[in-house]
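Look at the structure below and keep the sequence beside it. The paragraphs that follow go through it part by part.

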Amino acid sequence: DATRADLLEDAAFAAKDLSGDAQRATSYFEALLPLRRTHRLQSALERLYERQGKHRELIVLLTPDLGQLSGDAAHRLRARLADFWLDGVDDPTSALELAEPLVSPDAAKEALDLMERILRAASEPSRREEERATSRRAAALLRERYEASGRHADVARVLAIELEASDDPGERAERLRAIARVRRHDLGDDAGAFDALGDLLVLSP
């Protein structure tokens, strides 16, 4: 009720601003927010979570706001939540789900950079098969955007990341053929194309 909410709000700000007890302030704000959800209170709890590195809690707190935002504001929040999933929780698959709508035909550099980070994280050798699928999806999105804008060197670089991450002979052969094609026909790099074809011969003698 209103009286309990008033008491919790007083206690929360006292713990945060007067005693500097972040943990206690956080517990008060968490109890208060279901009773009185205002921008001021949510922002205070958000800052407390950030100071304590509570990324999952930040995701839970901020994700409902996505349904109330549009345009650039929604894009910024999507990117921020994807950052939390990627850097805070180490979950590139959840990060991809949020970031994928940002990689549109007119995607900003920041969106492409975020997808590059997801690709590199999901391509690490220790990843599970589900995250390897995330790597393949991130790579496909990046290649599509780079091909559309004529960024052939970036296409070749993404293909090389995919090649390095894959241990499937058929997939590696496909990537080597693609690298050779891009190197020769799009970049005029005959030496690079020759190297890729040489690796392909070693793979499939």
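Which residues of α10 are buried? They are Glu171, Ala173, Arg175, Leu176, Ala178, Ile179, Ala180 and Val182. The model in which they are found is a predicted one. These buried residues of α10 pack against α8, α9 and α11, the last of which covers residues 190–203.

Helix α10 itself runs over residues 169–186. Its length can be checked with simple arithmetic: with 18 residues at 1.5 Å a residue, α10 should span 26 Å, and because its end C-alpha atoms are 25 Å apart, the two values agree. The N-terminal end of α10 is capped by Asp168, which places a side-chain oxygen 3.2 Å from the backbone nitrogen of Gly170. Just after the helix comes Gly188, with a positive phi of about 65°.

Helix α5 (residues 71–88) can be read in the same way. From its first C-alpha to its last, α5 reaches 25 Å, which is close to the 26 Å expected for its 18 residues at 1.5 Å a residue. The buried residues of α5 are Ala74, Leu77, Leu81, Ala82, Phe84, Trp85 and Leu86. They pack against α4 (55–62), α6 (92–99) and α7. After α5 comes Asp90, which has a positive phi near 60°.

One residue of α5 shows how parts of the chain meet. Leu77 has a relative accessibility of 10%, so it counts as buried. Apart from neighbours within four places in sequence, Leu77 is in contact with Leu62, Asp65, Leu66 and Leu69. Leu77 and Leu98 are 21 residues apart in sequence, and their C-alpha atoms are 9.4 Å apart in space. Seen from the other side, Leu62 touches Leu77 and also Gln42, Glu46, Arg80, Leu81 and Phe84, when residues up to four places away in sequence are not counted.

Leu62 also belongs to a wider group. The largest nonpolar core has 58 residues, and Phe29, Leu62, Leu81, Leu114, Met115, Ile118 and Leu142 are those with the most contacts inside it. Helix α7 (residues 109–122) gives the largest share of this core, seven residues.

Phe29 appears again in the one aromatic pair that the structure holds. Its partner is Phe13; the ring centres are 5.1 Å apart and the planes stand at 90°, so the pair is edge-to-face. Phe13 lies in helix α1 (residues 2–18) and Phe29 in helix α2 (residues 22–32), so the pair ties together parts that are 16 residues apart in sequence. How accessible are the two partners? Phe13 counts as buried at 15% relative accessibility, and Phe29 counts as buried at 0%.

Next come the charged side chains. How many salt bridges does a search of the whole structure find? It finds 24. One of them joins Lys16 to Asp17, with the closest N and O atoms 2.7 Å apart. Asp17 is partly exposed, at a relative accessible area of 49%. Another salt bridge joins the side chains of Glu131 and Arg127, at 3.4 Å from N to O. Here Glu131 is buried, with a relative accessible area of 5%, and Arg127 counts as buried at 11%.

A further salt bridge lies within one helix. The side chains of Arg157 and Asp154 meet at 3.0 Å, N to O. Both residues are in helix α9 (residues 152–165), three residues apart, which is about one turn of the helix. Arg157 is partly exposed, with a relative accessible area of 33%, whereas Asp154 is buried, with 18%. Through salt bridges that share partners, Arg157 and Asp154 are joined with Glu116, Arg120 and Arg151 into one network.

A last stop is Arg145, in helix α8 (residues 129–148). Is Arg145 buried or exposed? Its relative accessibility is 14%, so Arg145 counts as buried. Leaving aside neighbours within four places in sequence, Arg145 is in contact with Val103, Ser104, Pro105 and Leu112.

How values were computed: Residues are numbered from 1 along each chain as its sequence is written. This is a predicted model: local features need pLDDT of at least 70, side-chain atom pairs count only at pLDDT 80 or more; totals for chains, interfaces and linings use all residues. Side-chain values use heavy atoms; hydrogens and water are left out. A nonpolar core is a set of buried Ala, Val, Leu, Ile, Met, Phe, Trp, Tyr and Cys residues joined through side-chain atoms within 4.5 Å. Buried means under 20% relative accessible area, exposed over 50%, partly exposed in between (1.4 Å probe, protein chains only). Helices (H or I, at least four residues) and strands (E, at least two) are DSSP runs, numbered from the N terminus. Contact means heavy atoms within 4.5 Å. A salt bridge is a side-chain nitrogen of Lys or Arg within 4 Å of a carboxyl oxygen of Asp or Glu. The expected span of a helix is 1.5 Å times one less than its number of residues. A polar contact is a pair of N or O atoms within 3.5 Å; within protein, one must be able to donate a hydrogen and the other to accept it, and residues adjacent in sequence count only if both atoms are side-chain atoms. Rings of Phe, Tyr and Trp (its six-membered ring) pair if their centres lie within 6.5 Å; planes under 30 degrees apart count as stacked, over 60 as edge-to-face and the rest as tilted.
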